[in-house]
Amino acid sequence: MNSLFDPYDLGPVHLKSRIVMPPMTRTRTSEGALPTDGDVPNALMAKYYGQRAGAGLIISEVNDVDQSSHGYARIPGIHSETQKQGWRVVTDEVHRQGGTIFMQLWHVGRLAHSSILPNGQTPVGVTGERAEGSEVFAHGADGRLRFMPVEAPRALATDEVAAMVETFAKAAANAREAGFDGVEIHAANGYLIEQFMNSVLNTRTDRYGGGDMEDRTRFLMEVVDAVVAEFGPGRIGVRLSPFGKYGSMPSDPLTEETFLYVVQQLGQRGVAYVHLLYELLPDGNMESAEFKPRHLDHALLAKARAAFPGAFIWCGGFTDREQAQASLDTGLVDLIAFGRPYIANPDLAQRLENGWPLAVADRSTYYTRDGEAGYTDFPAHSNDMANSSAA
Ligand SMILES: Cc1cc2nc3c(=O)[nH]c(=O)nc-3n(C[C@H](O)[C@H](O)[C@H](O)COP(=O)(O)O)c2cc1C
């Protein structure tokens, strides 16, 4: 049996363990000097990611592929030269610390608000249907940032969807130039790509929509092909959240069928891994303290395993070594992601390996802009011990 601490070869990328730090937005970017710079990664973020380089694989917080994909204030992007330079500082630091880092890319689609889009433009989506009940971090009428209900989008025109594929490819090229080891395409959690895949939401009648499986998944597949062409096979992952409700996603009777078709297609395209939201979150609330664990069905996961030759990552609700190892022992998964535990435990991999206790982060610091507080001020366990014995 493979141990959580054994190395893993993800295509051409060698990982020192099977422990993954999944994408987590932390809103610590700086404002660029020009409006077109977007929100820019900085030295503090380099410190944060460098501290966590002990993970087998870090997947960065999510990044805008262009200005129209800015659904939440303070989310970084990879569409401007300034952002590229900012991320280069981060990747250099992670590599200096012996880590491996992929960049997560998204377009938010209808989960957006005009107050943070360029020139107050209307958000775009697969159709004009609003994500009733969803909120994003945007400007209120008084100009202050707060959680605001999303607005009704306008449906992307067919040629705009095709152009968006090129936008993803350009973003991937920028990520490569910024020093990333690979990219993860965010096709989960109700954002644009998942909006296209959902058979209830996607009522388009062009080649990107309708009841046909191939049409509904065409946008994802074209993005994957374009990004693989840019980065090379083996360095691309795709995040999926079948049955997820985040972002007001409607229940889709074709979820299982779509999921199995998608993983099979991704396998044919040289995708290195599929990153699954394994634990289904109650009401789609990512930060909910009241988890009632409900996992993806293992019989379905076994079918997905048979359909996809690459690696699977499972994420959601993993908090200790035994639970993660038990999942690896099913033989259905290759890598385990620990999200929230990585916030307060920069040396999580070492803590798990040595049986050291885990610190718990304060949720109120997840998305602040208070410098180091709740971000880079969590000590590694050994320093912690050294400090307390010196005191
Ligand atoms: C503060 C925070 C920010 C997150 N940001 C992202 C993100 O940028 N992209 C993404 O795909 N998921 C994001 N997630 C979801 C996590 O990647 C992960 O799926 C979720 O926290 C469940 O895993 P866990 O139980 O190990 O924390 C975020 C979660 C948290 C707590």
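# A guided tour of the predicted model

V136 counts as buried, with 23 C-beta neighbours inside 10 Å. The model in the viewer is a predicted one, and V136 is the starting point of this tour. Select strand β9, residues 135-139, to see the element in which V136 lies.

**Stop 1: around V136.** Keep V136 selected and add its contacts. Leaving out residues up to four places away in sequence, V136 touches G71, Y72, L111, A112, H113, M148 and V150. For a reference distance, pick M45 as well: its C-alpha atom is 22 Å from that of V136, and the two residues are 91 positions apart in sequence.

**Stop 2: V108.** G71, one of the residues touched by V136, also leads to the next selection. V108 touches G71, together with S69, Y191 and L192, when residues up to four places away in sequence are not counted. The C-alpha atoms of V108 and G71 are separated by 5.7 Å, although their positions lie 37 residues apart along the chain as a sequence separation. V108 is placed in the loop between β7 and β8. Is V108 buried or exposed? V108 counts as buried, because 31 C-beta neighbours fall inside 10 Å and the threshold for that class is 20 or more.

**Stop 3: N119, in the loop of V108.** Move along to N119, which is also in the loop between β7 (101-106) and β8 (124-125). Here the environment is exposed, with 7 other C-beta atoms within 10 Å. Inspect the backbone: phi of N119 is near 55°, a positive value in a residue other than glycine.

**Stop 4: G32.** Select the loop between β4 (30-31) and β5 (39-40), where G32 is found. G32 is partly exposed, having 17 other C-beta atoms within 10 Å. Apart from its neighbours within four places in sequence, G32 is in contact with D37, G38, D39, V40, S80 and T82. A distance label from G32 to P118 should read 14 Å between C-alpha atoms, for two residues 86 apart along the chain.

**Stop 5: α1 and α2.** The tour now turns to helix pairs. Two packed helices are described by the angle between their axes and the distance between the axes. Display helix α1 (residues 43-51) with helix α2 (residues 81-96): their axes come within 8 Å and cross at roughly 25°. That angle makes α1 roughly parallel to α2. The crossing of this pair is right-handed. To show the contact, select A43, M45, A46, Y49 and G50 in α1, which meet V89, V90, E93 and V94 in α2. By class, the residues of the contact of α1 with α2 are seven nonpolar, one polar and one charged. M45, the partner in the 22 Å distance from V136, is among the α1 residues of this contact.

**Stop 6: α3 and α6.** Next, show helix α3 (residues 158-177) and helix α6 (residues 218-231), which pack at an angle of about 30° with their axes 8 Å apart. That makes α3 roughly parallel to α6. The handedness to look for is right, as α3 passes α6 in a right-handed crossing. On the α3 side, select V161, V165, E166, F168, A169, A172, A173 and R176; on the α6 side, select F219, E222, V223, A226, V227, E230 and F231. How many residues of the contact of α3 with α6 are nonpolar, polar and charged? Eleven are nonpolar, none is polar and four are charged.

**Stop 7: S248, then α7 and α8.** Before the last helix pair, select S248, which lies in the loop between β13 (236-240) and α7 (255-268). Phi of S248 is near 60°, again a positive value in a residue other than glycine. S248 is partly exposed, with 17 other C-beta atoms within 10 Å. Continue to α7 and helix α8 (residues 298-307), which pack with axes 8 Å apart at an angle of about 25°. The two helices, α7 and α8, are therefore roughly parallel to each other, and their crossing is right-handed. In the contact, E256, F259, L260, V263, Q264 and G267 in α7 meet L300, K303, A304 and A307 in α8. Coloured by class, this contact has six nonpolar, two polar and two charged residues.

**Stop 8: the ligand.** Finish by selecting the ligand and the 22 residues around it. Which of these residues come nearest? The nearest are P23, T25, V62, G339 and R340. The shell around the ligand divides into eleven nonpolar, seven polar and four charged residues.

Conventions:
Residues are numbered from 1 along each chain as its sequence is written. This is a predicted model: local features need pLDDT of at least 70, side-chain atom pairs count only at pLDDT 80 or more; totals for chains, interfaces and linings use all residues. A residue is near a molecule or strand if its C-beta atom, placed from the backbone, lies within 6 Å of it. Ala, Val, Leu, Ile, Met, Phe, Trp, Tyr, Cys and Pro count as nonpolar, Asp, Glu, Lys and Arg as charged, and the others, Gly among them, as polar. Helices (H or I, at least four residues) and strands (E, at least two) are DSSP runs, numbered from the N terminus. A residue is buried if 20 or more other C-beta atoms lie within 10 Å of its own, exposed if 12 or fewer, and partly exposed in between; C-beta atoms are placed from the backbone. Axes are lines fitted to C-alpha atoms, for helices over the stretch in contact, and angles run from 0 to 180 degrees between N-to-C directions. Angles under 35 degrees count as roughly parallel, over 145 as roughly antiparallel, 65 to 115 as roughly perpendicular and the rest as oblique. A crossing is left-handed if the near helix is turned anticlockwise from the far one by less than a right angle, and right-handed if clockwise. Two residues are in contact if their C-beta atoms, placed from the backbone, lie within 7 Å.
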